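Colleague: I'm new to this one, could you take me through it? Please go slowly.

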Amino acid sequence: MRDTMNIYGNDVGLTEKTLDLLWQRQKITQNNIANADTPNYKAQYLTFEDELASQIHATGRKHAKMTIGRAIDQTTGTVHTSTNESTRMDDNNVDMDQEQVDLAETAYEYQMMVQAATTQLKRLDSATKIS
């Protein structure tokens, strides 16, 4: 378990994990775009939201041995290969329009999480100051 989860609690740990996974998603999308002209390349994508929710939910079950912090930390996400049929002669199935949408959406989500992290850290900073 990372020190940040112990020091700052689960809010910051969840934000940190989400940022890590969104960064990974963005790298995968960028790789798809870079391989748009590579014959036989199959697009990939990352999912993590359901896994993260499931891991956290499991900590609330009776006899759960995992803490929320550990559940957050152990979430890794899953890389999938797209099974979309290719209409191209080179059998590449990268849809550039969809990749651009995915890239913009992930960048927006990342920006929102950075703002959330900044707000959380400012709140913690305020709480530790003596008036």
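**Core, long helix and a loop residue**

Modeller: The largest nonpolar core (buried Ala, Val, Leu, Ile, Met, Phe, Trp, Tyr and Cys residues joined through side-chain atoms within 4.5 Å; buried means under 20% relative accessible area with a 1.4 Å probe, protein chains only) has seven residues, namely Leu-19, Leu-21, Leu-22, Ile-28, Leu-46, Phe-48 and Met-113. Helix H2 (residues 10–34) gives the most to this core, with four residues, where helices are DSSP runs of H or I with at least four residues, numbered from the N terminus. This is a predicted model, in which local features need pLDDT of at least 70 and side-chain atom pairs count only at pLDDT 80 or more, while totals for chains, interfaces and linings use all residues. Residues are numbered from 1 along each chain as its sequence is written, and side-chain values use heavy atoms, with hydrogens and water left out.

Colleague: What is Leu-21 in contact with, leaving aside its neighbours within four places in sequence?

Modeller: Leu-21 is in contact (heavy atoms within 4.5 Å) with Leu-46, Phe-48, Thr-75, Thr-76 and Gly-77, once those neighbours are left aside.

Colleague: Which residues are buried in H5?

Modeller: In H5, the buried residues are Glu-99, Leu-103, Thr-106, Met-113, Ala-117 and Gln-120, and what covers them includes H2.

Colleague: Switching to Asn-35, is that buried or exposed?

Modeller: Asn-35, which sits in the loop between H2 and strand S1 (44–47), counts as buried because its relative accessibility is 18%. Leaving aside neighbours within four places in sequence, Asn-35 is in contact with Tyr-41, Asn-92 and Val-94.

Methods: Buried means under 20% relative accessible area, exposed over 50%, partly exposed in between (1.4 Å probe, protein chains only). Helices (H or I, at least four residues) and strands (E, at least two) are DSSP runs, numbered from the N terminus.
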